[in-house]
Amino acid sequence: MSTIDQRIVRYGELKPCKTAFIDAHTPGSDQKENFTIIGGGVSESPDQHVHITDKIGFNIGAAGQPPKCRNSLHTHTTAEVFFVLKGRWRFFWGRYGTAGEFVAEEGDIFNIPTGIFRGFENIGTDYGMIMAVLGGDDAGGGVTWAPQVIEEAQAHGLILGENGVLYDSKKGQTLPHNVSPMPLLTEDVLSTIPETPVEHVVRDYVARYWDLMALAAKKPAKVIGENALLRDKPGFEVEFLTRGSVSPDMATPEKPTVLMPVRGHWRLSWQGGETILNPGDTALMKPGEAHGLEVSMTGEASMYRVIATDDPAGPTWVR
């Protein structure tokens, strides 16, 4: 059985995959990096490194992109939650990415509704990183791409098989004889995909960092959950912690719990050991593992805590 210190993935040790998705050769998207931290993730590439393979009911991942690099339009059948660790990001959605958009700053969190096409772009001046929580052990079985993304990728040498695997003609790869290309969504299916109004998205699915800092000044702020700021039951709950909302007492989780610092330095202690968690680090606590958490230095400190629930991973609650 792995120990707590073996289930900490350091930000500086994350291993990227640059061939994770179908748009890996498409100009404007060819510099993005995908990280799978806990669980299988949604990568379409066998090159993807998985840091922690435990199945805990949800996945933790990340996307790193240089300025002006974008992630192409796709949909998920389970939750896709992002918080911005570094940089400024533009999120956009709709059949052609024109139904709405907003800009997320560091620490902001976005519970993207299932079943809508969504994409995101680093609009900052330096390499940016967004951390992700994906619903379900299999992250909903992967992603579904907008038809134009598949067509453009094929023009640049990447073909997605109906088996969910990428084949790169630039490497001499071809589809196996028994595998057909991933079929494009039909117009009938496309007509059922929502063009969610921006006022609904910002109101129901976005929480801003400084609002959460205020709400968590004296107790943990419930960010995503049945009775949280963003009301949903995606198979996990998300809480936000600050210096003033952590208890000095040891806590023993009943469900798998993931700690994800945003800012500051946090001392994580357990029976027989302790370590410092820094922004971008990810730590997995298993049920029954007593641990303590406190801020280890002066200054601003914040953390997202993700806790598994018994709710099945599935569609976003309908408002």
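**Exercise 1. A lysine and its partner**

With which residue does lysine 32 form a salt bridge, and how far apart are the closest N and O atoms? Then decide whether the two residues are buried or exposed.

*Solution.* Keep in mind as you work that this is a predicted model.
- Step 1: Start from the lysine 32 side chain. Its salt-bridge partner is aspartate 23, and the closest N and O atoms of the pair are 2.6 Å apart.
- Step 2: Compare that distance with the cut-off. A salt bridge needs the nitrogen within 4 Å of a carboxyl oxygen, and 2.6 Å meets this.
- Step 3: Turn to accessibility. Lysine 32 and aspartate 23 are both buried, a class that stands for under 20% relative accessible area.
- Step 4: Put the pair in context. The structure holds 20 salt bridges.

**Exercise 2. An arginine with two glutamates**

Find the salt bridges that arginine 267 forms with glutamate 274 and with glutamate 294, and classify the three residues by accessibility.

*Solution.*
- Step 1: Look at glutamate 274 and arginine 267, where the closest N and O atoms are 3.5 Å apart.
- Step 2: Assign classes to this pair. Glutamate 274 counts as exposed because its relative accessibility is 53%, and exposed means over 50%. Arginine 267, at 25%, counts as partly exposed.
- Step 3: Now take glutamate 294, whose salt bridge with arginine 267 has its closest N and O atoms 3.6 Å apart.
- Step 4: Ask what this second bridge joins. Glutamate 294 belongs to strand E23 (residues 291-295) and arginine 267 to strand E20 (residues 266-270), so the pair ties together parts that are 27 residues apart in sequence.
- Step 5: Finish with the accessibility of glutamate 294, which is partly exposed at a relative accessible area of 40%.

As an extra, trace the salt-bridge network that links Arg70, Arg90, Glu101 and Glu121.

**Exercise 3. Reading a sheet**

Work out the strand order of the open sheet of seven strands, and say which strands stand at its edges.

*Solution.*
- Step 1: Walk across the sheet. The order is E3-E2-E4-E11-E6-E9-E15, and the pairing is mixed.
- Step 2: Inspect the ends. Strand E3 (50-52) and strand E15 (206-207) each have a single partner strand, so one side of each is left without a neighbour in the sheet.
- Step 3: Zoom in on one pair. Strand E6 (residues 80-86) and strand E9 (residues 109-112) run antiparallel, with four bridges between them.
- Step 4: Pick out one bridge: valine 81 has asparagine 111 in E9 as its partner.

**Exercise 4. Two cavities**

How many cavities of 30 Å³ or more does the structure hold, and what lines them?

*Solution.*
- Step 1: Count them. There are two cavities of 30 Å³ or more, and the largest has a volume of about 200 Å³.
- Step 2: Find the centre of the largest cavity. Its lining has 21 residues, of which Phe21, Asn34, Val42, Glu80 and Leu134 are closest to the centre.
- Step 3: Map the lining onto strands. Two or more residues come from each of E2, E4, E5, E6 and E11, and E4 gives the most, with five residues.
- Step 4: Sort this lining by class, which gives twelve nonpolar, eight polar and one charged residues.
- Step 5: Move to the second largest cavity, with about 60 Å³ of space. Its lining includes Phe21, Lys32 and Asn34, and E2 and E4 each supply at least two lining residues.
- Step 6: Sort the second lining too: five nonpolar, three polar and three charged residues.

Technical notes. Residues numbered from 1 in each chain as written. Predicted model: local features only at pLDDT ≥ 70, side-chain atom pairs only at ≥ 80, totals over all residues. Heavy atoms only, no water. Buried < 20%, exposed > 50% of the residue type's maximum accessible area, 1.4 Å probe, protein only. Pairing = 2+ DSSP bridges. 1 Å grid on protein atoms, 1.4 Å probe; cavity = no way out; pocket = protein on both sides within 12 Å on 5 of 7 lines; lining within 4 Å. Points joined across faces, edges and corners; volume = space filled by probe spheres on them. Nonpolar A, V, L, I, M, F, W, Y, C, P; charged D, E, K, R; others polar.
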